Amino acid sequence: MQTDPVDHELVEAAGHLARTRCRGDNHTMAAAARARDGRIVTALNAYHFTGGPCAELVLIGTAAAQGAYELDVIVAVGDRERGVVPPCGRCRQVLLDYFPNLKVIVGENDHLRAVPITDLLPESYIWADHQLDAE
């Protein structure tokens with residue numbers, strides 16, 4: 001598995017959001033991503049029993065609303081000092097489809113690492129590869 005340097009500023013941004021903005025069961029995860037232009041975008045999940053979006057998915061929309069369409073690195077941090085939490089399967093697939101060159105920070109405590117999204121979803125289905133060309 002390939003690893004890259006960890007963007008600790010992102011981990012801190014997501015951790016700060018998780019500590020200060022997560023409240024009750026509706027918002028339990030925070031995410032932070034570094035946009036291609038260097039800025040940090042953050043978001044919280046919106047839990048709902050019908051399958052509300054994870055923090056990583058909310059972050060994609062938040063980034064787009066701010067004009068950040070290219071993300072380089074992302075991390076999610078859980079509330080109640082749970083630390084870095086890897087993306088769920090649905091988030092892995094969506095992140096891969098939107099940002100095939102994305103790095104994801106995973107691991108625990110002093111063993112964090114940034115890995116390509118493709119390493120988290122080997123032998124993955126690439127949505128764009130299976131679309132018929134419209135003629």
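A residue is called buried if its relative accessible area is under 20%, and exposed if that value is over 50%. Keep those cut-offs handy, and remember that this is a predicted model.

**Exercise 1. Get an overview of the chain: what pattern do its helices and strands follow, and what percentage of its residues is buried?**

Step 1: Start with the inventory, which is 4 helices and 6 strands.

Step 2: Now walk along the sequence, and you'll read α-β-β-α-β-β-α-β-β-α.

Step 3: Using the cut-off of under 20%, buried residues come to 41% of the 135 in the chain.

Step 4: Check the overall dimensions. The C-alpha atoms fill a box of roughly 50 × 35 × 30 Å along the principal axes. The radius of gyration is 15 Å, which agrees with the value near 14 Å for a compact globule of 135 residues.

Step 5: Look at how contacts span the sequence. Take the contacts between residues at least 6 apart, and 57% of them join residues at least 24 apart.

**Exercise 2. Work out how strand 1 and strand 2 go together: in what sense do they pair?**

Step 1: Find strand 1 at residues 29–35 and strand 2 at residues 40–44.

Step 2: Follow the bridges between them: there are 5, and the pairing is antiparallel. For a spot to look at, Ala33 sits opposite Val41 of strand 2.

Step 3: Check the turn. This hairpin has 4 residues between its strands, and Gly38 has a positive phi near 100 degrees.

Step 4: Sort strand 2 by face. Val41 and Ala43 lie on the covered face, while Ile40, Thr42 and Leu44 lie on the uncovered one.

**Exercise 3. Decide whether Val73 is buried or exposed, and say which residues it contacts.**

Step 1: Locate Val73 in strand 3, residues 71–78.

Step 2: Compare its value with the cut-off: Val73 has 15% relative accessibility, so it counts as buried.

Step 3: List its contacts, skipping neighbours within four places in sequence. You get Leu10, Ala32, Ala33, Arg34, Leu102, Lys103 and Ile105.

Step 4: Pick out the bridge partner of Val73, which is Lys103 in strand 5. Strand 3 and strand 5 pair in the parallel sense, over 2 bridges.

Step 5: Try one more distance. Val73 and Pro116 are 43 residues apart along the chain, yet their C-alpha atoms are 9.0 Å apart.

**Exercise 4. Describe how helix 2 packs against helix 3: at what angle, and with which residues?**

Step 1: Know what to look for: two packed helices are described by the angle and the distance between their axes.

Step 2: Read off both values for helix 2 (residues 55–65) and helix 3 (residues 89–98): about 25 degrees, with the axes 9 Å apart. Angles under 35 degrees count as roughly parallel, so helix 2 is roughly parallel to helix 3.

Step 3: Name the residues that meet. Helix 2 brings Glu56, Leu57 and Ile60, and helix 3 brings Arg90, Cys91, Val94, Leu95 and Tyr98. They split into 6 nonpolar, 2 charged and no polar.

**Exercise 5. Look into the loops: where are Arg80 and Asn109, and are they buried or exposed?**

Step 1: Place Arg80 in the loop between strand 3 and strand 4. Though not a glycine, Arg80 has a positive phi of about 55 degrees.

Step 2: Place Asn109 in the loop between strand 5 and strand 6. Asn109 isn't a glycine either, and its positive phi is about 45 degrees.

Step 3: Apply the over 50% cut-off. Arg80 counts as exposed at 64%, and Asn109 counts as exposed at 68%.

Terms used. Residues are numbered from 1 along each chain as its sequence is written. This is a predicted model: local features need pLDDT of at least 70, side-chain atom pairs count only at pLDDT 80 or more; totals for chains, interfaces and linings use all residues. Side-chain values use heavy atoms; hydrogens and water are left out. Buried means under 20% relative accessible area, exposed over 50%, partly exposed in between (1.4 Å probe, protein chains only). Two strands pair if DSSP finds at least two bridges between them. Contact means heavy atoms within 4.5 Å. Axes are lines fitted to C-alpha atoms, for helices over the stretch in contact, and angles run from 0 to 180 degrees between N-to-C directions. Angles under 35 degrees count as roughly parallel, over 145 as roughly antiparallel, 65 to 115 as roughly perpendicular and the rest as oblique. Ala, Val, Leu, Ile, Met, Phe, Trp, Tyr, Cys and Pro count as nonpolar, Asp, Glu, Lys and Arg as charged, and the others, Gly among them, as polar. The radius of gyration is taken over C-alpha atoms; the globule rule is 2.2 Å times the number of residues to the power 0.38.
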